[in-house]
Amino acid sequence: MTRGLRGLGLTFALAGCHGTQSMTEGAGLQGVQFSNLFTLFSAVTGFFYLLVIVGLIGGLILRPREDRTAEGEKAAGVGFMTWLGGVLLGLTALTVASYVADRNVAAATPAHPTLEVQVTGNQWWWDVTYRNADTGQELRTANELHLPVGVPVRLTLKSNDVIHSFWVPALGGKQDLIPGRTNMLTLLPTQTGIYRGQCAEFCGAQHAHMAIDVTIEPRDAFRRWWAAGLAPAVPPANPLAKAGYQFVMTRQCASCHTISGTPASGRVGPDLTHLASRRSIGAGTFPMTRGHLFAWVADPQGAKRGNQMPYVGLDADQLRAVVAYLEGLK
Amino acid sequence: MSLPVRFDGDLADLPTHGFGPRSLTWWGIVGFMVVEGMFFALLFAAYFFILDKEQTWPPQPYAPPGLLAGTVFTMLIVLTEIPNAVIKRAAERFDLRTVRKGLVVMSLLPLPLFVLRGFEFASLNVLWTDNAYGSIQWALLLTHTIHLITDWGDTAVLTALMFTEHGKEANRFVDTSENSAYWRFVWGSWLIVYLLIYWVPRWLT
Amino acid sequence: MSEIARDGETLKGAELEERLARTWSRAPGLWGWITTVDHKEIGRRYIWTAMTFMVLGGILAAVMRAQLARPESGLISADRYNQIFTMHGTTMMFLFAVPVMEAIAIYIIPLMVGTRNIAFPRLNAFSYWTYLFGALLLWVGFILNIGPDAGWFMYTPLSGPQFSPGKRTDIWAQMITFTEVAGIAVAVELTATILKFRAPGMSLGKMPLFVWAILITSIMIILSLPSVALASAMLLSDRLIGTQFFNAFEHGDALLWQHLFWFFAHPEVYIIFLPATGFVSQIVETFTGRRVFAYPAMVLALVATGFLSFGVWVHHMFATGLPRLGYDFYTASSMAVAIPAAIQIFCWIATIWLGRPRFTVPFLYVIAFIVTFVIGGLSGVMVASVPMDLELHDTYFVVAHFHYVLIGGAVFPLLGAITYWFPKFSGRMLSEGLGKAAFWLVVVGFNVTFFPMHLTGMLGMPRRVYTYPADMGWNGLNLLSSLGAVVIWLGGLIFIANVFLALRRPRGAAANPWGGSSLEWATDSPPPPYNFAHQPIATGHTPLWDVTDVLPVMTGLRVDDREQLITTAIEAVPDIRYPSPEPTPWPLLSAIALAALFIGSIFTPWAVVIGAVPLAVGFIAWFWPKSPPSKEPVIE
């Protein structure tokens with residue numbers, strides 16, 4: 001049934017360029033456990049539902065015999081005890097299966113995974129920081145997650161403002177990001193591919209536009225991404241991009257954003273160092289294309305009303321220059 | 001009525017009043033005691049929830065609330081049970097003179113209690129805006145104060161009532177008995193609030 | 001004593017009824033409407049008002065479905081949509097679901113237990129006005145574009161002062177205060193009515209199942225509503241006077257809100273469900289011609305549900321990071337709470353097997369209830385499991401689950417109950433033809449709307465999103481759900497038309513058109529103001545089926561003064577003759593004073609102090625006793 005459900009997911013999820021958000025995808029350990037549990041629960045609950053329907057239809061269609069009322073009452077009494085026993089058994093089985101699934105996942109994941117990522121929720125974007133415990137290096141990005149397949153990762157979840165919830169359905173269950181608390185979520189990706197997650201706790205006006213793009217890749221691909229991610233920003237390659245660079249460094253942009261290797265070191269907004277290599281803009285609001293970059297920079301409030309990036313007001317030349325610079329930040 | 005009837009017993013000789021759970025008033029009062037009791041119980045749960053998050057209680061650098069006003073208040077309010085019990089028993093034997101005198105006393109006794117309550121607020125040693133500890137301490141004290149004020153109002157009105165012609169009705173004696181029962185809830189709930197505000201912070205230091 | 005007129009051999013029939021009518025009627029016209037304390041009149045206005053809010057909530061739902069029919073629709077802005085979904089949930093839960101259940105109980109319970117009025121009838125009047133004023137506060141706020149927009153459960157810190165500035169959340173929180181004062185008041189009235197006003201012979205073990213359901217529900221209301229009252233008071237004080245209950249920076253905790261809120265809100269859904277099971281029991285009994293199978297098991301199931309419902313609230317918080325061992329307990333308890341419901345389902349089906357079903361509209365709604373509610377119950381079993389819930393929580397799967405249990409489990413029985421008791425409320429029968437048309441449209445439409453949401457959720461669509469991207473694979477399912485909503489609306493409109501057309505017909509319904517067994521069918525449709533000319537005796541579980549052609553009654557209650565019989569709590573032995581309160585304007589005036597205090601206090605704390613004065617005046621005038629009934633002994 002899991003395969004069938006996954007097929008269902010693929011049928012409905014044309015996937016686009018941002019990967020499936022279906023929870024039957026089974027790309028992570030918990031995701032697979034979920035699919036298995038779902039199959040079991042569906043079978044058991046479906047069976048009991050069938051009993052109820054058959055019982056109901058029987059009662060509606062069959063006419064009682066006047067002289068057999070006492071027998072009927074006795075039969076109903078026996079039926080009652082059987083039903084009660086069956087329900088108790090069924091619920092106990094499902095409860096135990098649920099506990100077992102939980103313990104299995106816990107057993108299969110190490111207590112201290114070596115890969116650690118801190119995810120901090122903001123209205124309405126994800127601040128993602130990888131830390132290498134050995135070298136002390138930090139890789140900061142936003143609204144995306146690259147993970148090596150088969151390697152457990154511990155996510156540390158915090159919030160800067162309100163309650164958010166981190167959720168990549170293909171990988172596994174969700175966990176809330178609560179201001180004043182630190183929550184942990186350990187995931188174990190088991191399948192490569194591109195996937196999408198979304199904030200799953202109403203967090204204000206643009207809750208609908210707080211997605212995260214997830215890439216599960218082979219280990220060497222991940223290492224390459226990591227190395228590229230640690231490198232400073234690509235310098236502007238042509239005069240137009242240089243003009244854009246100038247604008248970004250001297251105007252409001254640098255006070256909120258960090259572009260490593262440049263003077264821009266604001267931490268209020270997302271890190272833009274490798275912006276152009278991401279799949280989407282504005283935490284899933286737009287796909288990463290030149291046209292959408294134009295739209296975002298020209299009017300972030302029009303794109304995602306209420307978000308924290310103010311309307312800056314660039315004229316056409318400044319806009320072309322800034323976008324030329326930004327699309328070079330691979 | 002639509003169906004013809006058959007007479008099967010007469011009710012004319014039944015009384016028009018009864019004390020305790022026989023009276024409707026009792027059920028109303030108990031109902032509201034359960035509601036308010038639940039409200040208090042949840043406040044107590046919130047108190048311990050907030051306590052659980054702190055390293056020390058009160059959190060540094062706050063001192064526990066000063067003991068004097070609260071303790072004198074507690075002693076005085078427990079003593080009010082004496083006239084209160086007198087009133088309840090007098091009501092249940094329809095002794096109007098004792099009820100009237102007792103109710104006047106019970107209407108005046110809360111006045112020094114309110115003064116002491118004022119001093120209690122002033123000696124909490126924390127403000128409601130300071131932190132969650134301050135907020136819950138003020139919430140406990142304020143909730144009980146509202147309790148006290150409303151029951152004092154009830155008692156005062158009942159006192160006035162018992163000096164009118166209505167005071168001679170059987171059901172007004174039932175009301176008096178129920179009012180005394182409710183007062184027990186007011187000081188009974190205070191005992192727990194007192195421990196939480198004043199003593200738990202001291203026991204945990 | 002001989003001058004006191006009492007019913008009996010010397011005073012019966014038309015003359016008795018005329019004098020009783022005079023005693024128990026209220027003044028004509030607007031003044032009478034304002035001052036009435038008649039439970040039937042107040043129950044009817046409560047029902048009208050609650051159903052109006054159901055329609056308003058349904059309009060909001062239609063708007064939401066219009067927006068979500070297409071991806072990136074742009075029909076409604078994010079801010080407006082967030083207000084709309086908040087208002088939809090808030091209206092349905094606080095202004096419709098619980099009030100309508102209480103409303104029908106206010107009307108039916110005194111009749112079903114065989115008495116003349118609800119206990120504390122002035123409080124009943126007061127509670128209606130308080131409910132109405134709270135509802136108006138919310139809706140006027142919404143229409144003025146300052147309605148709440150942080151979700152019907154208002155998680156902090158989103159709903160706190162920093163992230164929800166302005167009056168929106170204050171309006172929501174104060175509306176809660178209004179509606180829970182009203183709800184608690186009605187619960188106390190119903191509890192006292194059921195325990196003290198039952199007809200002689202109706203011991204606890206012989207009460208109809210609807211009465212048991214309302215008794216348990218009322219106790220649950222009394223125990224759970226204070227939690228949301230406390231939570232909303234804490235939220236208001238965080239927002240308005242600077243307390244730090246939910247502020248993590250000052251050692252408060254956002255989760256304190258969730259615990260207090262869900263400690264209330266989980267029992268709340270059973271507060272909505274249990275009365276519906278009462279409807280189902282009465283309808284199944286009447287339309288199969290026999291008592292519901294295994295009465296003791298049914299009663300125990302109600303008690304068990306009430307009790308267990310207080311032990312599951314943490315299942316709404318499985319994703320918040322609390323200790324896993326604690327979660328295991330809540331999985332077990334959440335599974336356990338399904339057991340009493342499973343018992344009830346068996347017993348109803350067994351009753352149908354053992355009886356002779358009549359396929360009237362109320363009975364059809366019972367069938368739809370069983371078929372639909374059980375689906376919701378089973379998806380509930382799924383989300384009781386922590387690993388399952390961590391995927392399914394906050395997705396459209398949960399939206400499907402709770403609509404299946406709320407609409408299948410409460411609204412279908414409600415529509416059946418309205419149809420069933422309509423002749424008693426109004427003296428007319430609803431049209432069976434229109435009723436069946438509405439039934440099919442509503443039931444089919446409901447499933448077309450909500451079944452796909454199980455799939456939408458599993459494909460990853462979260463809740464409370466004002467739009468969604470075009471290529472997630474959710475388009476077709478959302479469109480289907482939106483089309484289903486149109487079908488529901490058609491059915492709803494036919495139901496409403498049925499009601500209005502019926503009300504235009506002349507009265508003519510019989511006292512007992514369906515052949516029911518309980519005491520509300522022993523009096524006219526609609527009942528006279530005094531309900532019963534003589535105090536009925538309940539001879540067993542099914543009084544009207546036990547007697548052949550005469551109703552046994554007791555005589556001796558006063559005729560020219562309002563008097564009701566109080567019986568003992570367990571055995572219902574006649575005990576006291578109770579002087580029943582008369583019409584008065586003070587409940588309305590007090591409710592106005594209370595509304596001024598509550599609404600004023602979201603603008604200034606001084607409103608509490610200043611507003612207390614007229615409120616005190618109102619309460620004193622209200623409680624000041626009337627002159628005693630004439631010529632009874634007084635104590636010197």
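Let's start inside chain A, where 16 residues of domain 2 of chain A are in contact with 15 residues of domain 3 of chain A; "in contact" means that the C-beta atoms of two residues, placed from the backbone, lie within 7 Å. On the domain 2 side, the elements giving two or more residues are β2 (125–131), β3 and β10 (211–217) of chain A. That side has seven nonpolar, five polar and four charged residues. Here Ala, Val, Leu, Ile, Met, Phe, Trp, Tyr, Cys and Pro count as nonpolar, Asp, Glu, Lys and Arg as charged, and the others, Gly among them, as polar.

Keep in mind that this is a predicted model, in which local features need pLDDT of at least 70, side-chain atom pairs count only at pLDDT 80 or more, and totals for chains, interfaces and linings use all residues. Residues are numbered from 1 along each chain as its sequence is written, while chains are lettered from A and ligands numbered from 1 in the order in which they are written.

**Chain A: domains and a sheet**

The domain assignment splits chain A into domain 1 (2–108), domain 2 (115–219) and domain 3 (239–326); these bounds come from an automatic or database domain assignment. The centres of domain 2 and domain 3 of chain A, taken over C-alpha atoms, are separated by 22 Å.

Chain A also has an open, mixed sheet of five strands, in the order β3-β2-β1-β5-β8. Helices (H or I, at least four residues) and strands (E, at least two) are DSSP runs, numbered from the N terminus, and two strands pair if DSSP finds at least two bridges between them. At the edges stand β3 (138–142) and β8 (183–187) of chain A, each with a single partner strand, so one side of each has no neighbour in the sheet. Neighbouring strands are turned by 25° against each other on average, direction ignored; the axes behind that angle are lines fitted to C-alpha atoms, for helices over the stretch in contact, and angles run from 0 to 180 degrees between N-to-C directions. Within this sheet, β1 (115–122) and β5 (153–159) of chain A run parallel and are joined by seven bridges, with A:L115 opposite A:V153.

**How the chains meet**

Of the two pairs of chains that touch, A and C have the most contacts. Chains A and B do not touch, and their nearest C-alpha atoms are 11 Å apart.

The A–C contact takes 64 residues from chain C and 70 residues from chain A. On the chain C side, α4 (78–113), α8 (254–288), α10 (324–336), α11 (338–354), α12 (361–384) and α13 (386–392) each give two or more residues. The most come from α11(C), with 11 residues.

In the other contact, 49 residues of chain B meet 62 residues of chain C. On the chain B side, β1 (5–10), α1 (24–52), α6 (132–162) and α7 (170–203) each supply at least two residues, and α1(B) brings the largest share, 13 residues.

Here is how the contact sides divide by class:

| Side | Nonpolar | Polar | Charged |
|---|---|---|---|
| Chain C, touching chain A | 44 residues | 12 residues | eight residues |
| Chain B, touching chain C | 28 residues | 12 residues | nine residues |

**A sheet shared by chains B and C**

Three strands form an open, mixed sheet in the order β1(B)-β2(C)-β1(C). The edges are β1 of chain B and β1 (535–536) of chain C, each with a single partner strand, so one side of each is left without a neighbour in the sheet. β1(B) pairs with β2 (551–555) of chain C in the parallel sense over four bridges, and B:V5 has C:L551 as its bridge partner. β1(C) and β2(C) pair in the antiparallel sense over two bridges, with C:Q535 opposite C:M554.

**More of chain C**

Strands β3 (563–567) and β4 of chain C pair in the antiparallel sense over five bridges, and C:Q564 has C:Y578 as its bridge partner. Their hairpin has six residues between the strands, and C:A572 takes a positive phi near 55° there. Five of the six residues of β4 (574–579) of chain C are buried, so this strand is largely enclosed by the rest of the structure. A residue is buried if 20 or more other C-beta atoms lie within 10 Å of its own, exposed if 12 or fewer, and partly exposed in between, with C-beta atoms placed from the backbone.

Finally, helix α16 (475–504) of chain C has 30 residues and reaches 44 Å from its first C-alpha to its last, close to the 44 Å expected at 1.5 Å a residue; that expected span is 1.5 Å times one less than the number of residues. Its buried residues include C:L477, C:S481, C:I488 and C:F495. Among the elements covering the buried residues of α16(C) are α3 (39–68), α14 (396–426) and α15 (432–458) of chain C.
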